Amino acid sequence: MINHVVDSLHFDLSYIVAKYSSGKRSTAQSHTRVPSMSDIIFDYVPAEDLSAALELERAGFTPEEAGTETTFRYSYAIPINQTNLLMNFRFRQSHAPQLFLGAYQSGTESRTLIGYVCATQSPESSLTHDTMTKHVPDSSSVCIHSVCVAPSYRSKGVGLALLKEYFVRLERARSEGTATWERVLLIAHDDLVPFYEKAGFENAGKSSVVHGSLPWFEMRRILTSPLKSTTESPVQMLQGDQQIPPGVLEALQRRRDVPSSRLLSDFPNGLSEVLVPESEAVGTSVNKFDLLCPRADCGSLILKKGVGKWVERASVQIEPTGNLPNPHLPILPSPPETAQWWLITPSPMAFENIGFTRPVQPLAESGRRIKLLTCAECDLGPLGWSEESGSEFWLACSRVGYRA
């Protein structure tokens, strides 16, 4: 690995900031049939796919914002002049391949790149003009430059799923001791702040970076997986050479700090205290707080704030036949009485963590079998339901915790 600071090629901030493509240009890709998320795979982008990545860049940004094919194909940091250096795809892919992740539509004989996220590293804890123009291997910050999804795949959950997979891989490398990064950083305009918050970033406030007339906001995500210890703790050993399976110890350690939450019944004014108007849809309310597993000793994050839409609809019989009510969960009204629900669409990728049972009894109104929703950490449930192969997922408002 290169152990020195590498200058990037010709700096152009309007290009390298992390902008989620807004579809300013249309291409033939917009007529492509969008498959289910089960057809999407994630893999690191090899050099031979950089031309496809460039096409996504051109489809998503204006000519002034998008890079040129020449800038995408430079292999080394050769300055065009002494003051302006442009960070290019080839540079990122060759110097930080583990930070260049693609989303692919899988096919029978080939796969198609439909999105990507790429980044470099910096030792600084905040983004500046300087940190965005240099790559410093083995440093603590991952600086995202581009998040791009093909026009026909936007608003389908691909961008969120791609970023979540990106975080999973970063945290896995960190926990295995093969990487030193501690945080992920990017800057975005205010209209994209909600998108990145849904992906798990926190808004760190207005950025010091100045480019153009609109302000930038720094988005930050702290990586939670602990760095791998160089010494082995006694708890890691069972008997003799028998060890705890990989990942189990880390999962147990994560459960030590259980976030505090409140049940819906804990709010004096009930449901009105956990709702907030949806900014893009008049008359629609969404969850004001993160939704957590209601079990006191679990508290797993199920859904980020602002993702679930509040709906009052007929109750559903979701208790398995013959089972006693779970003491951790309130009893739901009997159908056809109404109940309060959080509606999540369009795929399970909208959740942070969720579990599903096998299909059970049919839903009375449609005749289709349903799957029950459970906590993915402790299996507490049912917390809600979804129709088999459906795109709507329903969480009971009274069966989740609220991080208020």
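Reader: How do the residues of the lining of the second largest pocket divide into nonpolar, polar and charged?
Author: Keep in mind that this is a predicted model. The second largest pocket holds about 1,200 Å³ of space, and 37 residues line that pocket. By class, the lining residues come to 16 nonpolar, 10 polar and 11 charged.

Reader: OK, and which residues are the closest to the centre of that second largest pocket?
Author: You'd pick these out of the 37 residues in the lining. Those closest to the centre of the second largest pocket are Pro 194, Lys 198, Glu 278, Glu 280 and Gly 306.

Reader: Which element gives the most to the lining of the second largest pocket?
Author: Several elements give two or more residues to this lining: α5, α6 (193–198), β10 (275–277), β11 (285–287) and β15 (338–344). With 4 residues, the one that gives the most is α6.

Reader: Let's move to the packing. Which helix gives the largest share of the largest nonpolar core?
Author: In soluble globular proteins, nonpolar side chains tend to be buried together. Here the largest nonpolar core has 48 residues, and Ile 144, Leu 163, Tyr 166, Leu 170, Tyr 196 and Phe 201 have the most contacts inside that core. Its largest share, 9 residues, comes from residues 158–175, that is, helix α5.

Reader: How many residues are in the second, separate core?
Author: Look for Phe 267, Leu 271, Val 307 and Ala 350, which are included in this separate core. Its residue count is 27.

Reader: What about the chain as a whole: what percentage of contacts between residues at least 6 apart in sequence join residues at least 24 apart?
Author: The protein chain has 404 residues, and 46% of them are buried. Its secondary structure comes to 7 helices and 20 strands. Of the contacts between residues at least 6 apart in sequence, the share joining residues at least 24 apart is 66%.

Reader: There's an open sheet with β12 in it. Which residue in β20 is the bridge partner of Leu 291?
Author: That open sheet has 3 strands in the order β13-β12-β20, with antiparallel pairing. The edge strands, each pairing on one side only, are β13 (301–303) and β20 (401–402). Strand β12 (residues 291–292) pairs with β20 over 2 bridges. The partner of Leu 291 in β20 is Tyr 402.

Reader: I always check omegas before setting anything up. What is omega for the cis peptide bond that joins Thr 345 and Pro 346?
Author: Most residues other than glycine have a negative phi, and most peptide bonds are trans. You'll find Pro 346 in the loop between β15 and β16 (355–356). For the cis bond that joins Thr 345 and Pro 346, omega is about -5°.

Reader: And what is omega for the peptide bond from Gly 381 to Pro 382?
Author: Pro 382 sits in the loop between β17 (370–374) and β18 (384–387). The bond from Gly 381 to Pro 382 is cis, and its omega is near 0°.

Reader: Now phi. Is Asp 138 buried, exposed or partly exposed?
Author: Asp 138 is in the loop between β5 (134–135) and β6 (141–149). Although Asp 138 is not a glycine, its phi is positive, about 60°. Because its relative accessible area is 43%, Asp 138 counts as partly exposed.

Reader: Same check for Ser 389: buried or exposed?
Author: Ser 389 lies in the loop between β18 and β19 (393–396), and its phi is positive, near 65°. The cut-off for exposed is over 50%. Its relative accessibility is 72%, so Ser 389 counts as exposed.

Terms used. Residues numbered from 1 in each chain as written. Predicted model: local features only at pLDDT ≥ 70, side-chain atom pairs only at ≥ 80, totals over all residues. Heavy atoms only, no water. Core = buried A, V, L, I, M, F, W, Y, C linked by side-chain atoms within 4.5 Å. Buried < 20%, exposed > 50% of the residue type's maximum accessible area, 1.4 Å probe, protein only. 1 Å grid on protein atoms, 1.4 Å probe; cavity = no way out; pocket = protein on both sides within 12 Å on 5 of 7 lines; lining within 4 Å. Points joined across faces, edges and corners; volume = space filled by probe spheres on them. Nonpolar A, V, L, I, M, F, W, Y, C, P; charged D, E, K, R; others polar. Pairing = 2+ DSSP bridges. Contact = heavy atoms within 4.5 Å.
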